[in-house]
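Hi,

Here is the structure I promised to send over. Have a look at it first, and then read on for what turned up.

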Amino acid sequence: MKKIRLSASLLVILLGSVKYSGQEKIGLQKYDYIINGETNMFQGIPNISLPLFNLSAPTSDVTISLSLNYTAEGVSAFNLISDIGKGWNLSPMGSIVRARTKHENDYFIDSGTPDEARSDVYYYNYPGGSGKFYIGMDKASHELTGVHISPSNDKIIITKDVAKANKIKAFSIIDTKGNKYLFDKININKFERWESGLEIKTLINSGFFLSKIYNAKNEEVVNIEYETATQSSPKGVLQQQKIKTVTIHGLGTLEYQYVDKNQPPIINSANGRDWYILEKVVLKNFKNQLISQYSFKNWGSDYLKELINLDKNNNQIQKFSFEYNTETQYPYFDYYGYPIDYHNCNLGDGELLTPYKTNRNTAAYNTLKRIILPTGGITEYEFESHSVKKNQSNDICTECYYDNFDFDKIYTLNFDTQIAKTHTFILPSGYQNRIYAKYNYTLHPNQSGNPSNPQTIDYQINAHNGTVFLDPYEQNECPETNWFDLTTQTLKVDFFGLKKGYGTLELYAAKQQRKDKNEYGYGLRIKSTKNFNPGSDIPLSYTRYEYDTFVDQQSSSGSEIGPFGEDIDYDGRKKETPSIGYTNIKVTDMISGNYSRYFFTPQDAIASNFIPSFSLEERNMAQYFYAMGLLQKKEDYSPSSQLLQKHELNYQFKEVPLAVTAYGGSVKKVIISKQSSTTENYISGSKKLVSVSENTFADQYNTLSYSKETLSDGTVVEKNFKYPQDKGIQKLISANMVETAVETTVIKNGKQTGKSEIKFEDTSTIYPTSVIAYNMQNQSPVTVSTMDVYDSKGNLVQATSKEGIPVTTIWGYYQTLPIAVISGAPYAQISSLPTVSAAIAASNSDYDNPANEPALLSALEALRKDPALQSYTVTATTYDPLVGITNTISSNGIRVMNVYDNANRLIKVTDALGKSLKEYQYNYKH
């Protein structure tokens with residue numbers, strides 16, 4: 001089962017930032033390092049992420065963020081090696097894919113229940129949002145609709161393929177800011193699985209990919225172009241979409257450049273990796289001029305070795321290097337695709353495992369071990385196998401395997417039959433009664449006798465010949481290796497034969513007690529992270545994660561996260577990897593000794609007072625909470641185990657009926673209707689400060705409707721929130737802008753101390769028109785500010801303060817950036833001024849060609865000195881789009897210039913005469 005990544009990422013890169021830059025560059029300085037930030041603690045999953053580009057689409061609230069991400073799940077041999085390398089992927093631009101494909105069709109409408117629809121579960125993502133849904137049918141309209149399984153207010157619109165029954169042509173998703181995302185580029189793949197003894201082979205729509213983004217005015221702001229590869233198969237034509245270009249209108253493009261193989265693409269290639277190999281991602285402005293680029297180097301291997309940031313002249317700016325825990329192709333893998341470094345017929349591996357069982361000593365082979373930063377600093381990772389508590393007996397297994405038992409060499413008999421043919425000894429206690437004997441001998445030279453007689457020396461243990469041990473994987477006889485079942489610890493070994501010789505008899509056995517009470521497998525979790533300064537072997541930070549229960553360190557707190565439905569087995573051995581969640585996690589700062597204990601709500605305690613819709617299916621409406629992990633308590637301790645702080649949370653769940661049915665009954669989603677928390681701070685073990693908070697959420701959209709906070713000094717602060725649906729603002733509801741709080745009331749110690757409201761009184765737009773506050777004495781409204789004028793792109797042009805002073809903003813660069821702010825003048829008074837028109841035109845010319853910036857500066861100076869504006873203050877700004885601010889001009893005419901290098905990094909701030917005010921240096925280790 002695919003996992004929804006709930007937290008952002010384990011890594012936070014310290015970024016150099018440039019205002020209005022349109023992008024954020026990785027800018028690590030000498031002692032910057034990757035730190036442990038947010039992670040999916042509950043599942044032990046670190047999202048290791050390096051941000052590459054961060055681009056804001058003009059005239060919308062859409063940000064295109066591109067990052068390089070690593071997940072240990074991608075190391076599994078059963079997962080396709082991506083176009084970047086094993087375990088690595090670029091953040092997706094937008095996709096809708098199935099998780100557990102069971103059906104050929106995209107959706108079903110059974111003849112017996114024409115008012116109901118069902119489907120596989122679909123996972124989706126777009127810039128700034130994600131979730132999962134299935135396809136149902138709206139009871140009122142009888143139209144197909146996306147039914148959310150995870151909490152979301154995104155509106156999902158389904159377009160059926162009229163030419164193909166039960167197939168989807170496209171999905172559209174409208175976010176809560178009114179932006180629309182169109183998914184109409186389709187992957188078509190083979191679908192093969194066994195069901196009821198029959199093999200199913202067909203083609204399915206396996207993925208729908210984002211092609212266009214529209215703002216709330218239904219204007220296209222982003223276009224994504226794909227290379228569509230096709231390939232014939234016995235069942236039809238396979239189809240794969242590969243992203244080529246992301247065009248952000250009014251800004252620039254992101255280009256994906258792949259290695260040219262001079263041959264048509266191969267879909268579902270047999271070598272286990274993506275046919276495409278990504279070589280570069282390039283950012284260009286709308287004039288097709290190169291701004292920045294990243295190069296991916298694997299040097300002919302399956303592993304990403306280097307990430308190199310290049311300037312517009314292809315010079316290296318900074319380099320990240322990656323090292324791994326071996327890069328070996330192992331012949332054997334566990335049920336989940338992780339390496340088993342098994343040596344055929346070798347009893348000395350320390351554990352005698354059932355074939356394809358997870359070997360926790362080798363499961364993390366091939367994973368990321370180290371990131372070497374451009375500064376020379378290092379971040380290290382250690383992964384380990386997931387574990388769940390398993391109640392197992394200590395009886396001898398009939399297959400002769402001992403999973404999770406130490407398997408030791410317990411005795412070595414050195415013998416010489418010329419000296420003695422019988423040996424008696426006592427085996428050490430604490431081991432199983434089945435022993436394994438590895439026999440090796442050499443005949444003495446120059447022995448007389450008939451050459452046709454047997455040239456061997458045989459042996460018996462306690463008068464038994466033993467049973468030949470078979471290689472667990474190949475099922476071949478292991479040379480000179482037998483096993484024996486004993487009834488006593490005393491062994492009598494007899495050697496016999498016509499020849500004499502010398503050698504060793506090595507005896508192995510499994511201990512009687514298991515290493516712990518767990519079973520291992522299910523993929524990998526993070527065990528520790530370390531950070532090192534350049535040139536240092538001593539970690540600057542070292543964090544360790546432990547997942548055992550707090551009451552028994554022999555027992556894992558992990559368990560499988562539902563749904564517990566059909567167990568899909570694709571090829572007779574490969575199993576779908578379930579997610580594992582942990583209820584107890586200890587996180588220790590190994591440098592300071594401080595540690596924290598996290599308690600997560602057990603799965604059977606989540607929404608336990610009712611049965612969620614589809615409780616045993618992946619459509620389970622409570623599944624999201626099972627996967628995300630609900631923190632129940634967190635305790636922080638000093639190195640001496642003194643409690644410093646305790647934070648406890650409680651949740652109330654509620655079922656809310658939806659406008660769809662299933663199995664004849666109403667489908668109900670599960671929400672958290674109320675959440676409360678208590679924080680206690682301690683000094684010297686005594687309770688010091690206590691604060692309490694609670695949040696209440698509305699049923700329909702699960703928006704925050706009420707909050708209450710009781711501070712440690714007894715102060716009580718309450719807030720009430722109202723939304724478009726509460727105030728009847730239908731145009732915002734129609735635009736799906738249902739999460740915008742339009743009214744807030746504040747109550748302190750029982751007395752109302754504040755109330756504000758955002759008005760949307762222009763019927764022709766969805767933009768706010770004013771902000772209203774209320775007099776606390778008589779509740780009369782007071783206008784705090786008005787938003788008077790917007791331009792055709794939705795930019796705010798004029799706002800007026802409570803005192804009646806207007807502020808006008810002049811938007812240039814084709815209405816994408818503010819070039820001048822005039823305080824005191826209304827827009828109607830200055831909009832027709834020739835100097836205003838000239839400044840706008842000059843900014844457009846500067847956008848077209850940065851060489852025209854001097855003309856823009858002259859136009860802005862003329863605007864600032866226009867006699868018609870002499871009573872007002874005017875400030876001005878110029879830009880190099882996708883790079884940053886180039887000039888700022890204050891109201892008194894003082895100009896400050898920003899100077900950038902070929903990598904578009906700010907290197908100098910000067911005055912108008914070129915005198916340096918600030919300088920910046922970037923020192924990277926090459």
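Let me start with a question: in which sense do β52 and β53 pair, and over how many bridges? The two strands pair in the antiparallel sense, over 6 bridges. Two strands pair here if DSSP finds at least two bridges between them, and the helices (H or I, at least four residues) and strands (E, at least two) are DSSP runs numbered from the N terminus.

Before going further, a word on the source: this is a predicted model, in which local features need pLDDT of at least 70 and side-chain atom pairs count only at pLDDT 80 or more, while totals for chains, interfaces and linings use all residues. Residues are numbered from 1 along each chain as its sequence is written, and side-chain values use heavy atoms, with hydrogens and water left out.

The overall picture

The protein has 6 helices and 58 strands. Its C-alpha atoms fill a box of roughly 125 × 75 × 65 Å along the principal axes. Of the 926 residues, 50% are buried (buried is under 20% relative accessible area, exposed over 50%, partly exposed in between, with a 1.4 Å probe and protein chains only). Among contacts between residues at least 6 apart in sequence, 58% join residues at least 24 apart; contact means heavy atoms within 4.5 Å.

Around β52

Back to the strands of the opening question. In the pairing of β52 with β53, Ile-810 has Ala-820 as its bridge partner. These two strands form a hairpin with 4 residues between them, and Tyr-813 in the turn has a positive phi of about 50°. On the other hand, β52 is also joined to β51 (residues 796–801) by 3 bridges, again antiparallel, with Gln-798 opposite Thr-808. That pair is a hairpin too, with 4 residues between the strands and a positive phi of about 85° at Gly-804 in the turn. Since 6 of the 7 residues of β52 are buried, the strand is largely enclosed by the rest of the structure.

β52 also helps to cover the buried residues of helix α5, as do β53, α4 (827–830), α6 (853–864) and β54 (873–880), among others. Helix α5 spans residues 834–848, and its 15 residues reach 21 Å from first C-alpha to last, close to the 21 Å expected (1.5 Å times one less than the number of residues). Its buried residues are Thr-835, Val-836, Ala-839, Ala-842, Ser-843, Asn-844, Asp-846 and Tyr-847.

Cores and aromatic rings

Which residues have the most contacts inside the largest nonpolar core? They are Leu-68, Phe-171 and Phe-322, in a core of 123 residues. Strand β5 (residues 48–57) gives the most to this core, with 6 residues. Apart from it lies another core of 24 residues, including Tyr-813, Ile-830, Val-836 and Ile-889. A nonpolar core is a set of buried Ala, Val, Leu, Ile, Met, Phe, Trp, Tyr and Cys residues joined through side-chain atoms within 4.5 Å.

The structure holds 49 aromatic pairs (rings of Phe, Tyr and Trp, its six-membered ring, with centres within 6.5 Å; planes under 30 degrees apart count as stacked, over 60 as edge-to-face and the rest as tilted). For Tyr-122 and Phe-133, the ring centres are 5.5 Å apart and the planes at 15°, so this pair is stacked. Tyr-122 sits in β9 (residues 122–126) and Phe-133 in β10 (residues 129–137), so the pair ties together parts 11 residues apart in sequence. Tyr-122 is buried, at 0% relative accessibility, and Phe-133 is buried as well, at 0%. Both belong to one aromatic cluster with Tyr-124, Tyr-126, Phe-171, Tyr-181 and Phe-208. Leaving aside neighbours within four places in sequence, Phe-171 touches, among others, Ile-96, Ile-135, Ile-156 and Leu-182.

Two loops to look at

Most residues other than glycine have a negative phi. Asn-218, in the loop between β15 (198–214) and β16 (220–233), has a positive phi near 65°. Asn-904 has a positive phi of about 65° and is found in the loop between β56 (895–900) and β57 (906–911). Asn-904 is buried, with a relative accessible area of 5%.

Best wishes
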